[in-house]
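User: I am new to this structure and should like to understand the terms used to describe it. Please explain the reasoning behind each one.

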Amino acid sequence: MIFEKATAEEIPALVDMRMAYIEEDHGGLSEDTRQKLISVLPEYFEKHLNKDIFVYTAKDGVIVSCAFLVITEKPANPSFITGRTGTVYNVYTLPNYRRKGLAKRVMQELLSDAEKFGLDFVDLKATRDGYHLYDTLGFKETVSEYTYMKKYFLSD
């Protein structure tokens, strides 16, 4: 098993891993939504890969496990003095490779780089399946006096 960051040549595989994650996480997609995502993801990766998104992978000939680290720079405040933070997305392992420690190893690589990048923190939204992994890696649940809100401009 080889553990390394993805390269531009692997963008098609990253699109496949992203789609597999989304389809499993969302319980399937309409064909229209699926096609829209497949059409925009390559351009996103071409523009951002190894600039402000880093994809950590485990490879067994092909990518079998991955985790995305998106780095954002914001105006500093007491919660993030440098203004640089990371968000983890798409921690995903192909079904035949699960329960072998691959996601843990990929996440350890990601967190090591996050520290080298000087990020104030790395956050994520944990699924029930992923909660134990993130807990063992030192992630803590956060409670805030603020209420998380969104305003959508595009719909399905």
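Analyst: The model is predicted. A suitable place to begin is the hairpin of strand 2 and strand 3, which has three residues between the strands and in which Gly 61 takes a positive phi near 85°.

User: What makes strand 2 and strand 3 a pair?

Analyst: Two strands pair if at least two bridges are found between them. Strand 2 (residues 53–59) and strand 3 are joined over seven bridges in the antiparallel sense, so they satisfy the definition. Within strand 3, Leu 69 stands opposite Phe 54.

User: How do you know that strand 3 and strand 4 pair?

Analyst: The antiparallel pairing of strand 3 with strand 4 (residues 84–93) runs over eight bridges, and the requirement is at least two. Thr 72 has Thr 85 in strand 4 as its bridge partner.

User: Why is strand 3 described as largely enclosed?

Analyst: Of the eleven residues of strand 3 (residues 63–73), nine are buried, so the strand is largely enclosed by the rest of the structure.

User: Why is the pair of Tyr 134 and Phe 139 called edge-to-face?

Analyst: The structure holds six aromatic pairs. In the pair of Tyr 134 and Phe 139, the ring centres are 5.9 Å apart and the planes stand at 75°. Pairing requires centres within 6.5 Å, and planes over 60 degrees apart count as edge-to-face; the pair is therefore edge-to-face.

User: Are Tyr 134 and Phe 139 buried or exposed?

Analyst: Buried means under 20% relative accessible area. Tyr 134 has 9% and is therefore buried; Phe 139, with 14%, is likewise buried.

Definitions and conventions: Residues numbered from 1 in each chain as written. Predicted model: local features only at pLDDT ≥ 70, side-chain atom pairs only at ≥ 80, totals over all residues. Heavy atoms only, no water. Phe/Tyr/Trp six-rings, centres within 6.5 Å; stacked < 30°, edge-to-face > 60°. Buried < 20%, exposed > 50% of the residue type's maximum accessible area, 1.4 Å probe, protein only. Helix = DSSP H or I, 4+ residues; strand = E, 2+ residues; numbered from the N terminus.
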